[in-house]
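Trainee: I would like to go through this model with you, one point at a time. Please keep the answers short.

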Amino acid sequence: MTVPEAVIRPAGRGDPKAVAEIFTHYVSHTVITFEQTPPAVAEWRRRLDDLTGRGLPFLVADLDGEVAGYAYAGPWRPKPAYRHTVEDSIYLAPDRTGRGLGGALLGGLVNRCARAGMRQMIAVIADTGGDASTALHRRFGFTDAGRLTGVGHKHGRSIDTLLMQRALTGP
């Protein structure tokens, strides 16, 4: 599904408040993130500054002047040998799902990470019984890389994570 009215753009200084509001919903009401305390707006500003300072993308889906979702790529692991591998994160406002925004954000993220010289992108997906995130990643060429069983525990549930991976450039 295309979203012609949505503008996918780099996050700006005014966007962390909306990003925090979106993420707070998922922290408080779902198990798709293992965060248990929503980060404050100041923390989102710090993350934005850190990622853009590293040359990594932090994008928002701007729909009618409102942030309807966001996506960013962060370092996969802190060790220097992993410096060309990133992990993606994508979240949509709960009332903005099913409109193609996730695909628009992931497509922008993949393209910008490849241009930034990243070689691999990892998705760590909480296995909540739904497959929307897995299906989205498969549409963009991600393949299964493994499963971690019972590694998360939130809201009284043990949760597996599915690892998916996609090459961004040649070897």
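Trainee: Is D64 buried or exposed?

Mentor: First, the basis: this is a predicted model, in which local features need pLDDT of at least 70, side-chain atom pairs count only at pLDDT 80 or more, and totals for chains, interfaces and linings use all residues. Residues are numbered from 1 along each chain as its sequence is written, and side-chain values use heavy atoms, with hydrogens and water left out. Buried means under 20% relative accessible area, exposed over 50%, and partly exposed in between (1.4 Å probe, protein chains only). D64 has 68% relative accessibility, so D64 is exposed.

Trainee: Where is D64 found, and what is its phi?

Mentor: Helices (H or I, at least four residues) and strands (E, at least two) are DSSP runs, numbered from the N terminus. D64 is found in the loop between β2 (58-63) and β3 (66-75). These strands form a hairpin with two residues between them. D64 is not a glycine, yet its phi is positive, near 55 degrees.

Trainee: Which residue in the loop between β6 (143-154) and β7 (157-167) has a positive phi?

Mentor: The phi in question is near 50 degrees, and the residue is not a glycine. Its relative accessibility is 48%, so it counts as partly exposed. The residue in that loop is H155.

Trainee: How many bridges pair β2 with β3?

Mentor: Two strands pair if DSSP finds at least two bridges between them. L59 has A71 in β3 as its bridge partner. The two strands run in the antiparallel sense, and the count of bridges is six.

Trainee: Which residue in β2 stands opposite A6?

Mentor: Strand β1 (residues 6-10) is antiparallel to β2, and five bridges join them. In β2, the residue opposite A6 is L63.

Trainee: How many residues of β2 are buried?

Mentor: In a regular strand the side chains alternate between the two faces of the sheet. In β2, one side holds F58, V60 and D62, the other L59, A61 and L63, and both faces are covered. The strand is mostly covered, and the number of buried residues is six of six.

Trainee: Why does the pair F58 and Y70 count as stacked?

Mentor: Rings of Phe, Tyr and Trp (its six-membered ring) pair if their centres lie within 6.5 Å; planes under 30 degrees apart count as stacked, over 60 as edge-to-face and the rest as tilted. The count comes to ten aromatic pairs. The centres of F58 and Y70 are 6.0 Å apart, and the pair is stacked because the planes are at 25 degrees.

Trainee: How many residues apart are F58 and Y70?

Mentor: Both are buried. Both belong to one aromatic cluster, with F23, Y26, W44, Y72 and Y91. F58 is in strand β2 and Y70 in strand β3, so the pair links distant parts of the chain, and the separation is twelve residues.

Trainee: Which residue has its charged end over the ring of W44?

Mentor: A charge sits over a ring if NZ of Lys or CZ of Arg is within 6 Å of the ring centre and within 35 degrees of the ring normal. Elsewhere, R77 lies over the face of W76, at 4.1 Å from the ring centre. Over W44 the distance is 4.5 Å, and the residue is R47.

Trainee: Which residue meets D49 in a salt bridge?

Mentor: A salt bridge is a side-chain nitrogen of Lys or Arg within 4 Å of a carboxyl oxygen of Asp or Glu. The whole structure has twelve salt bridges. D49 lies in helix α2 (residues 41-53) and its partner in the loop between β1 and α1 (16-29), so the pair ties together parts that are 36 residues apart in sequence. The N to O distance is 2.7 Å, and the partner is R13.

Trainee: Which residues share a network of salt bridges with E43?

Mentor: E43 and R46 meet at 2.9 Å, N to O. Both lie in helix α2, three residues apart, about one turn of the helix. The network links E43 with E35, R46 and R47.
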